Amino acid sequence: MALTGIDIFKQLPKTNCGDCGVPTCLAFAMKIAAGQAELAGCPHLSEDAASALSEASAPPIRAVTIGVGDDAVKVGGELVLYRHEKTFFNPCVFAAVIDDGMDAATVDGLLKQTNESRFVRVEQDLKAGLVGVKSLSGDTAKFVALIEKVKAATTQPMVLMCGDPAEMEAGLKAAGETAPLIYAATAANYEAMAALALAHKAPLAVCGTGDLDALVDLVKKIMAAGVKDIVLDPGTRNPKDTLERLVYIRRAALNKKVKELGFPIIVFPNEETDDKMMEAVYAGLYVGKYGSVIMLSDLDAARALPLYVLRQNIYTDPQRPMQVKPGIYPIGNPTADSPVLITSNFSLTYFIVSGEVEASRVPAWLCVMDTEGLSVMTSWAAGKFVPEKIVPFIKGVGIEEQVKHRKLVIPGYLATMSGELEDELEGWNVEVGPREAADIPPFLKTWAS
Amino acid sequence: MEVKETYNGKIREATIGLGDTAVTVGGETSLPLYMFEGAAPNKPVIALEVYDTKPEDWPEAAIAPYADVLDDPVKWALKCQDEYKADMICLNLASTNPSTGDRNGADIAPIVKAVADAIKIPLIVYGTANADKDAEVMPKAAEACQGKRALIGPVEEENYKTVAAAALGFDHLAAPHSPIDVNIAKQLNILITQLGLAPERVIIDPTTGALGYGLEYCYSVMERLRLAAMTQNDSMTQMPMINQIGREVWKAKEVKTSEADEPAWGDAETRGVLWEALTATALIMAGSNILVMRHPKAVELTRQFVAALTGATN
C-alpha cells in the first residue's frame with residue numbers, strides 16, 4: 001500500500017531542522033514517497049510515528065515464501081478483490097497430500113505425479129508447486145522416514161502436516177533447512193509451533209475453527225511471538241462455509257486493514273469431499289476466490305491439467321495479454337504445397353486459429369507475427385499488423401523455404417489491406433481468409449495451391 | 001468480523017417457458033454465490049445442447065452419451081429431458097451456417113416446431129451468430145415455436161431490429177450477444193428494450209470463452225456486469241446471463257485430443273468432463289444463470305457444485 005507524501009508528512013516532526021539532509025520535512029516526505037529516501041533518515045522521528053508509518057506502508061496481504069532455492073514458491077501479496085481491478089499477482093499453488101499411513105506404492109505414485117505433473121502452455125511452465133506430507137500414524141519415526149523419502153525424491157517444497165509440536169520438531173529436523181510450510185498452529189499448540197517456525201525459519205500455517213474473530217486473536221498471539229510469515233486456514237471443511245470465510249478474510253485484509261488476516265490462505269478441497277471430480281471442482285472455486293495453497297488428494301493428469309490452466313487464466317494480468325512466440329507453427333505435418341496463414345501473436349487468437357486449422361485436418365503453416373500480444377483488429381488499428389510489418393516478417397521468417405507456392409491467407413477482417421499487401425509483398429498472392437475462425441475448416445478444405 | 005456488504009441492486013427475474021415446467025432465473029440480491037449476504041431465489045439452471053444436424057468432429061467422450069440420437073433432434077431433446085434431466089433444451093441451428101449447411105429458415109422451421117412440441121421443458125433456440133443469416137433464419141424459428149415462451153438468440157447489434165423484434169412479435173425472450181464488452185452489452189440491452197421488449201424478457205449473452213480459450217475475459221466481463229448491477233444499481237446490467245459452454249469447451253485442443261495421442265494429459269473423458277465443469281462453475285462464480293452444456297457428467301458435477309454452494313450448511 002503506497003503512502004502519499006502528505007500521509008508521511010503528517011507523521012514527521014515538522015521542525016524543518018534539516019538533519020535528514022533535506023531542507024524541509026515536506027520535501028523529505030515527498031522523497032520517501034518517491035522511494036528516494038528512507039524513513040530512517042529522520043533522526044527525530046517518534047517511535048509511534050515510525051511504527052505507524054511502517055505498518056501503513058506494508059502490503060495489505062503479506063507475500064509468503066515457502067521453500068528455498070529455485071523451487072521456492074511465493075504466495076499472497078494480493079491487492080484486489082476482483083482481477084479486473086488490477087491483477088491477481090502470485091499464482092496459487094497445489095499440493096498432493098502424502099501421508100505416513102499409505103503403502104509404499106501409493107507414496108511412490110504420488111511422488112511420481114508431483115515430479116511429472118508439468119505442462120508447458122503459452123510458454124509457461126505449469127506445475128503443482130508443493131507437496132504435502134502428513135502424519136496420520138502419530139508415530140514420529142514413520143513421519144520422519146516419510147519426510148526423508150519425500151525430500152530425497154523431489155525438490156518441490158513441502159507442507160509438513162502434524163498437530164504435535166514434538167513430532168513436528170523431528171519432522172523439521174528431517175526436512176533440513178528447506179523452509180517447509182508448518183501445518184498447523186492451533187489454540188492448543190501455538191506457542192510451541194511458533195517457536196518451531198522461528199527456530200527453523202519456516203512459514204507457519206494457523207488453523208482456526210471457522211470463527212474469524214477467534215482466528216484473529218490466535219494470529220495476534222503468534223505475531224506477538226515474532227512470527228512474520230503466516231498462512232491462514234479458516235478451519236471450515238465445506239465449500240459454502242469456506243467461500244464465505246475466504247471472502248471475509250480478503251475483504252478484511254484489503255478494505256479494513258485487519259493485519260491479522262493479511263496473509264495467504266490454505267484450503268483443503270481434498271477434505272471437503274471424497275469424490276475426486278468434485279474435489280477438482282471445489283479446487284477451481286478456490287483458484288478464483290482467494291485460495292493460495294490448495295491441497296489435493298493427488299495430481300492425476302486429467303484433473304491437474306484443467307486446474308493448472310484455470311489458474312493460468314485467472315492469474316493472467318488483464319492489462320498484459322498472454323503472447324505466444326512469433327514464428328512458423330506447422331500444424332498436421334504440412335508440405336511444400338500446404339496453405340500458409342498469418343495471424344497475430346495474441347495467445348487467444350493463436351489458440352483459436354490453430355485449433356480451427358487443426359480441426360480442418362488440412363495440414364497448414366501458421367505464421368504468427370509479433371503484434372505485441374494484440375488481437376488482429378487491435379494490432380491492425382495500432383499499426384502493428386500492417387503491410388510495412390508483415391513484409392519483413394514473411395520475408396525473414398523462413399516460410400519461403402518451406403513452401404513452393406506463394407499464397408498467403410490473411411484474416412478476413414483485414415480484407416481492406418489485401419491489395420496494398422500484395423503490392424508490397426513481392427512474389428506473393430494475398431488471399432482473404434474467413435472473418436471468423438470457426439469458418440476456417442470449410443475454407444481450408446477447398447483451398448488449392 | 002463486520003465485513004458483510006450490502007447491495008442496492010438486484011438481478012431481474014426472467015421466466016422461460018409457460019405453465020408447470022416454466023423455469024425462472026435471476027432474482028439474486030448479492031454477488032454470485034455470496035449466500036451469506038443476499039438471497040438467490042433461483043439457482044443457476046442447465047440447458048443441454050441439441051443440434052439440428054448430426055454433429056461432425058465431436059470427440060468420442062462427447063458422442064458416447066448421445067450416440068443413439070445424434071441424427072434425430074427430437075429423440076435427442078427427449079433424451080436430454082428424460083434421461084439427463086435437463087432444465088431446458090438449447091436447440092442450435094448449426095446447419096444454417098452459410099459456410100457449412102446454409103439451410104434457410106423455411107428448412108429448419110419444422111425441426112424447431114417438432115422439438116418444441118415434443119418437450120415439456122423450456123426451449124432455447126440459437127442461430128449461428130452470423131448476423132445476416134440469423135436475420136433470415138431466426139424469425140422463422142421464433143414463429144415455429146410460437147406459444148412456448150422460448151429464449152431466442154443470439155441477438156446481434158447488426159440484426160437486433162429483426163431478431164429481437166421476432167422474439168417480441170412471437171412472445172418469446174431474447175438473448176442479446178455482446179463481444180466480451182460491458183458497454184456493448186448495456187447498449188444492446190437499451191436498444192432492444194427500446195424496441196418494446198420488456199427488460200424481464202432479456203437474458204445477456206456476454207460471449208463465452210472456454211477454459212484456456214479466453215475464459216478469463218468472459219469471467220471478468222461478467223464479474224464487472226454483476227458488480228455494476230449490484231453496487232451501482234445499473235438497470236441495463238441487471239438481467240440474468242446465459243453462457244454457451246458445451247460448444248466452446250468441446251472444440252478445445254486439450255479436450256479433443258485422445259489419451260493415445262497425448263499420454264501425459266491423462267484420460268480424455270475425465271479431462272473433457274472436468275474442462276466443461278470448471279468452465280461452467282467458474283462462470284457461475286462470475287454470474288451465469290443459464291449454462292448451456294454438453295456432457296451429462298459435467299452437468300452432474302455442476303449441479304453438485306450449485307447444491308453445495310447454495311444449500312443449507314453449518
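1. Contact range in chain A. In this predicted model, 67% of chain A's contacts with a separation of 6 or more come from residues 24 or more positions apart. Buried residues account for 56% of the chain's 449 residues. The secondary structure of chain A comes to 16 helices and 17 strands.

2. Domains and dimensions. The domain assignment splits chain A into domain 1 (5-57), domain 2 (63-314) and domain 3 (327-445). If you want a distance to play with, the C-alpha centres of domains 1 and 2 of chain A sit 38 Å apart. The C-alpha trace of chain A spans about 75 × 70 × 35 Å along its principal axes.

3. The A/B interface. Chain B brings 57 residues to the contact and chain A brings 54. About 4,700 Å² is buried between the two chains, with carbon and sulfur atoms giving 65% of that. On the polar side, there are 14 residue pairs in polar contact between the chains, both partners at pLDDT 80 or more. Helices α7 (215-231), α9 (253-256), α10 (268-286) and α11 (296-310) of chain B each supply at least two residues of the side that touches chain A. The largest share there, 10 residues, is from α10(B). Sorted by class, that side of chain B has 29 nonpolar, 14 polar and 14 charged residues.

4. Salt bridges across the interface. Six salt bridges run between chain B and chain A. One to look up is Asp57(B) with Arg361(A), at 3.5 Å from N to O.

5. A long-range pair in chain A. Over all chains, the search turns up 37 salt bridges. Among them is Glu271(A) with Lys134(A), 3.6 Å from N to O. Glu271(A) is in the loop between β11 (266-267) and α10 (276-288) of chain A, while Lys134(A) is in strand β6 (residues 129-134), 137 residues away. Both ends are partly exposed: Glu271(A) has a relative accessible area of 34%, and Lys134(A) has 24%.

6. Two pairs in chain B. Arg201(B) and Asp171(B) form a salt bridge with their closest N and O atoms 3.0 Å apart. Arg201(B) lies in the loop between α6 (182-194) and α7 of chain B, and Asp171(B) in the loop between α5 (160-169) and β7 (173-176), so the bridge ties together parts 30 residues apart in sequence. Asp171(B) is partly exposed at 35% relative accessible area. As for the other pair, Lys79(B) meets Glu83(B) at 4.0 Å. Lys79(B) is buried, at 14%, whereas Glu83(B) is partly exposed, at 49%.

Key: Residues are numbered from 1 along each chain as its sequence is written. Chains are lettered from A and ligands numbered from 1 in the order in which they are written. This is a predicted model: local features need pLDDT of at least 70, side-chain atom pairs count only at pLDDT 80 or more; totals for chains, interfaces and linings use all residues. Side-chain values use heavy atoms; hydrogens and water are left out. Contact means heavy atoms within 4.5 Å. Buried area is the accessible area (1.4 Å probe) that two parts lose on being put together, summed over both. A salt bridge is a side-chain nitrogen of Lys or Arg within 4 Å of a carboxyl oxygen of Asp or Glu. A polar contact is a pair of N or O atoms within 3.5 Å; within protein, one must be able to donate a hydrogen and the other to accept it, and residues adjacent in sequence count only if both atoms are side-chain atoms. Helices (H or I, at least four residues) and strands (E, at least two) are DSSP runs, numbered from the N terminus. Ala, Val, Leu, Ile, Met, Phe, Trp, Tyr, Cys and Pro count as nonpolar, Asp, Glu, Lys and Arg as charged, and the others, Gly among them, as polar. Domain bounds come from an automatic or database domain assignment. Buried means under 20% relative accessible area, exposed over 50%, partly exposed in between (1.4 Å probe, protein chains only).
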